[in-house]
Structure formats: C-alpha cells, structure tokens
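Let's walk through this model together, starting with how its parts meet and ending in its interior.

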Amino acid sequence: MKLYSYFRSSASYRVRIALALKGLDASIIPVNLVKGDQKTDDYLAINPQGLVPSLQVDDAVLSQSLAIIEYLEEVDNTVPLLPSDAIGRATVRAMAQLIACEVHPLNNLRVLQYLTGELGIDDTTKMAWYAHWIHQGFASLEMMLKQHAGKFCYGDTPTMADCCLIPQVYNAKRFDVDISVYPLINQIVANCETLPAFIKAHPDHQPDTPVA
C-alpha cells in the first residue's frame with residue numbers, strides 16, 4: 001500500500017493512526033499542500049479531488065479519510081476500530097463525523113487560504129473563525145464523551161473517533177486555541193499520546209517533516 005500524505009494534514013494523520021493501530025504498513029508518499037503538489041496533473045490523475053490522503057491498494061486508489069478507515073476495518077478486523085454492536089458503531093461514527101465532517105472542513109488549509117486570499121480577511125478574524133468552529137464542535141463532543149468515554153472516546157480501546165480527535169486537537173493547539181475547558185478531551189489525548197501507534201503517526205515523525 002502507498003499512502004499519499006502531508007505531515008500536518010488532519011485527514012492524513014487520521015489514516016496514519018488507523019494504519020498504525022492495525023499494524024499495517026504503507027509507504028508514505030509526501031504531497032506538499034503548501035507548495036501545491038496536490039494541484040499538479042500527476043497528482044490529480046491519482047486523486048481528482050486534489051486532496052490528501054489517498055491510499056493506493058494494488059491498482060485501486062481510495063480517497064476520503066473516513067472511507068479509507070472503513071475500508072481498513074473491512075479488510076483487517078484483527079484490531080477493530082469500531083465496536084462490535086450496531087449502536088456502538090453508530091455512536092463512534094457519529095463522534096468521528098462530528099470532527100471530520102463538521103469541524104475540520106471549516107478549518108482546513110484551503111478554507112483558511114480562501115478566507116485570507118479571496119475574501120481578504122485579516123489574520124485576527126481568521127483565527128476567530130478557526131477558534132469558533134473548534135469550540136462549537138468540541139463542546140458538543142465533550143457532552144457525548146460524558147456518556148460514552150472510558151480511557152478513550154468510546155470505552156477503553158481506541159476507535160475511529162480517537163483517530164479523528166487527536167489530529168484535530170493537534171491543529172487546535174498549533175493555532176493556539178485554548179481547549180483547557182474540555183477535561184475529557186484532554187484526558188483522552190493524554191491517554192492516546194502514550195500509545196506507540198499515535199506516536200508513530202504524529203506529524204513530527206513523518207518523512208516530510210521539516211528538519212529543525
């Protein structure tokens with residue numbers, strides 16, 4: 001397998017975590033979003049959306065991080081990332097989608113670049129926008145976690161929800177959003193950060209991580 005990834009991409013980070021939790025190997029092919037690698041003809045031939053991640057499996061190329069994680073779950077369930085019961089699976093998917101479909105799309109790189117470029121919004125307003133959507137999403141998630149969390153988002157083993165949460169927290173901290181008001185989220189992050197899979201998938205440990 002080949003994973004087309006950018007070290008700071010939240011969506012790529014989710015898939016890297018899922019692969020690592022399952023113990024699956026994929027060669028990382030860096031796609032520099034800042035330099036515009038995703039817009040080249042060569043990459044658009046791989047992923048017409050011009051987004052990362054893309055997972056190449058034999059002659060097929062899969063896109064969209066949650067679809068990729070669901071694929072990995074279907075073909076390798078030795079380390080499940082979804083609960084065994086239907087209610088549990090739906091709950092974990094809801095948490096994952098809250099982050100990946102409600103928070104992240106409003107705060108990803110191309111949206112922020114559009115705000116400052118095409119719309120001419122200043123950096124202060126951009127950061128207010130970013131923080132607003134983080135807090136709206138995290139406040140809702142914190143309430144869900146009160147019902148379902150153990151050591152992780154759902155019970156005491158990592159799930160697809162944790163694969164989504166950790167990258168979003170990473171980015172929130174990178175943009176100096178104060179998330180100290182979410183104790184459950186912070187405890188889950190602390191628990192995840194002790195696990196080798198999450199450490200391996202971290203942006204600081206990727207082949208395209210800039211050398212300090």
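Across the domain boundary, 14 residues of domain 1 are in contact (heavy atoms within 4.5 Å) with 19 residues of domain 2. The assignment, automatic or taken from a database, places domain 1 at 2–79 and domain 2 at 86–198. Their centres, taken over C-alpha atoms, are separated by 19 Å. This is a predicted model, in which local features need pLDDT of at least 70 and side-chain atom pairs count only at pLDDT 80 or more, while totals for chains, interfaces and linings use all residues. Residues are numbered from 1 along each chain as its sequence is written, and side-chain values use heavy atoms, leaving out hydrogens and water.

Now look for the largest nonpolar core, a set of buried (under 20% relative accessible area, 1.4 Å probe, protein chains only) Ala, Val, Leu, Ile, Met, Phe, Trp, Tyr and Cys residues joined through side-chain atoms within 4.5 Å. Among its 53 residues, Ile-17, Ile-134, Phe-138, Leu-141, Leu-165, Ile-179 and Ile-185 touch the most other members. Helix α7 (helices are DSSP runs of H or I, at least four residues, numbered from the N terminus) supplies the largest share, 9 residues. Where does this core lie relative to the two domains? Domain 1 and domain 2 both give residues to this core, so it lies between them.

Phe-138 is a good place to zoom in. Leaving aside residues up to four places away in sequence, Phe-138 touches Leu-165, Gln-168, Val-169, Ile-179, Tyr-182 and Ile-185. Elsewhere, a second, separate core of 7 residues includes Tyr-6, Val-31, Tyr-43 and Val-52.

Key:
Buried < 20%, exposed > 50% of the residue type's maximum accessible area, 1.4 Å probe, protein only. Helix = DSSP H or I, 4+ residues; strand = E, 2+ residues; numbered from the N terminus.
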